[in-house]
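This report walks through one protein chain, going from a surface feature to the interior and then to the chain as a whole. Please keep the sequence and the model in view while reading.

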Amino acid sequence: MGLAVPTAVMVATGRAAELGILLKGGEALQRAGEVTTVVLDKTGTVTEGQPTVTDVVPVSGTDWSERDLVRLVASLEASSEHPLAEAIVRHTQGQSLTLSTVEAFQSLTGRGAVGVVDGIALAAGNALLMADNAVDIGPVKQEAERLAGEGKTPMYIAIQGQLAGLIAVADPIKPTSRAAIQRLRDLGLRVVMLTGDHRGTAEAIARQAGIDRVVAEVLPEGKVAEITRLQQAGEIVAMVGDGINDAPALAQADVGIAIGTGTDIAIEASDVTLMRNDLQGVASAILLSRRTMRTMKQILFWAFIYN
């Protein structure tokens, strides 16, 4: 009887490693099998996490061209580590655009970034950031909604406190995401997408991935609040994410699952790490946990009967 549990845990941990799943102890292994709801971050978890710029839309009647907007925003975003910022910087490569040094740069979590480039005050981010700076997004709102409906993320640009245009970035879903999400549903689990992205964009990506429930336009603390709300409703929650913004939610969840290609802080905050950039590992971890717990109970039962 004394060997039943440690033997099962040892075998399960070895099998998990073969599948590219790293477990932080037996408690994570046990808890994973009890999960009833899986909450997924969008960027880098459901999607590839390698977005590309698809559209640059200057506001009509302004002096700013597409090249001006791209150069200024890329200069601003060069100091950011966000995937959308990196996409804009990559977009300038091969375009003979010289980036300037940004001053007073500030990354605003869940909103965007602000700074001064060539003496020009810039703000690039979502509608919340524009609202914080009293910038009217009306002239491009309809275009932003159209782009979001195509699964693209619109980023508004304000120059000297005035709306100058928007840049849209697309991040396709991973080829395996839809099948992995269907596998989770086949296991009887609820699947929720939780993201700070534009609601229209999130809903378009969710439709492609086969996810019914979407919670969008939430800040990192909002992600924690949503996890807490699900827990208070009696759900056992697994949170899957890869970014700095996901770390608090990963820590709050009953089981935090980090994508191994993500940030160090997300991996540190998690209970399980997927070494492969594939959501199939989430279903594999939960299924392995269920089978391991069943095996433990069977071993304990027969050991008890034998004794």
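In which helix does Trp302 lie? In this predicted model, Trp302 lies in helix H13. Is Trp302 buried or exposed? Trp302 counts as exposed because its relative accessible area is 58%, and the cut-off for that class is over 50%. Together with Phe301, Phe304 and Ile305, Trp302 makes a nonpolar surface patch of about 510 Å².

Helix H13 also takes part in the interior. The largest nonpolar core has 38 residues, and Val38, Leu40, Val46, Ile211 and Val282 are those with the most contacts inside it. Helix H13, which spans residues 280–306, supplies the largest share of this core, five residues. A second core, separate from that one, has 24 residues, including Leu84, Leu122, Ala124 and Val169. In soluble globular proteins, nonpolar side chains tend to be buried together.

Val46 gives a closer view of the larger assembly of side chains. When its neighbours within four places in sequence are left aside, Val46 is in contact with a set of residues that includes Leu40, Ile173, Met193, Ile205, Ala209, Ile211 and Leu279, and also Asp41, Lys174 and Ser177.

Two of these partners, Ile205 and Ala209, are among the buried residues of helix H9 (residues 199–209), which also include Gly200, Thr201, Ala202, Ala204 and Ala206. Some of the elements that cover the buried residues of H9 are listed here.

| Covering element | Residues |
|---|---|
| Helix H3 | 42–46 |
| Helix H7 | 138–149 |
| Strand E7 | 152–159 |
| Helix H8 | 177–186 |
| Strand E9 | 190–194 |
| Strand E10 | 213–215 |

Just after H9, Gly210 takes a positive phi of about 85°. On the other side of this helix, His198 is found in the loop between E9 and H9. Why does His198 count as buried? His198 counts as buried because its relative accessibility is 14%, and the class is set at under 20%. Not counting residues up to four places away in sequence, His198 touches Glu145, Ala148, Pro154, Ala216 and Glu217.

Taken as a whole, the chain has 13 helices and 13 strands, and its C-alpha atoms fill a box of roughly 85 × 30 × 30 Å along the principal axes. Buried residues make up 50% of the 307 residues, while the chain exposes about 14,100 Å², of which carbon and sulfur atoms supply 52%. Among contacts between residues at least 6 apart in sequence, 62% join residues at least 24 apart.

Terms used. Residues numbered from 1 in each chain as written. Predicted model: local features only at pLDDT ≥ 70, side-chain atom pairs only at ≥ 80, totals over all residues. Heavy atoms only, no water. Core = buried A, V, L, I, M, F, W, Y, C linked by side-chain atoms within 4.5 Å. Buried < 20%, exposed > 50% of the residue type's maximum accessible area, 1.4 Å probe, protein only. Helix = DSSP H or I, 4+ residues; strand = E, 2+ residues; numbered from the N terminus. Contact = heavy atoms within 4.5 Å. Patch = residues over 30% accessible without salt bridge, like charges linked within 9 Å, V, L, I, M, F, W, Y side chains within 5 Å. Areas by Shrake-Rupley, 256 points an atom, 1.4 Å probe, with all protein chains shown as cover. Salt bridge = Lys/Arg side-chain N within 4 Å of Asp/Glu carboxyl O.
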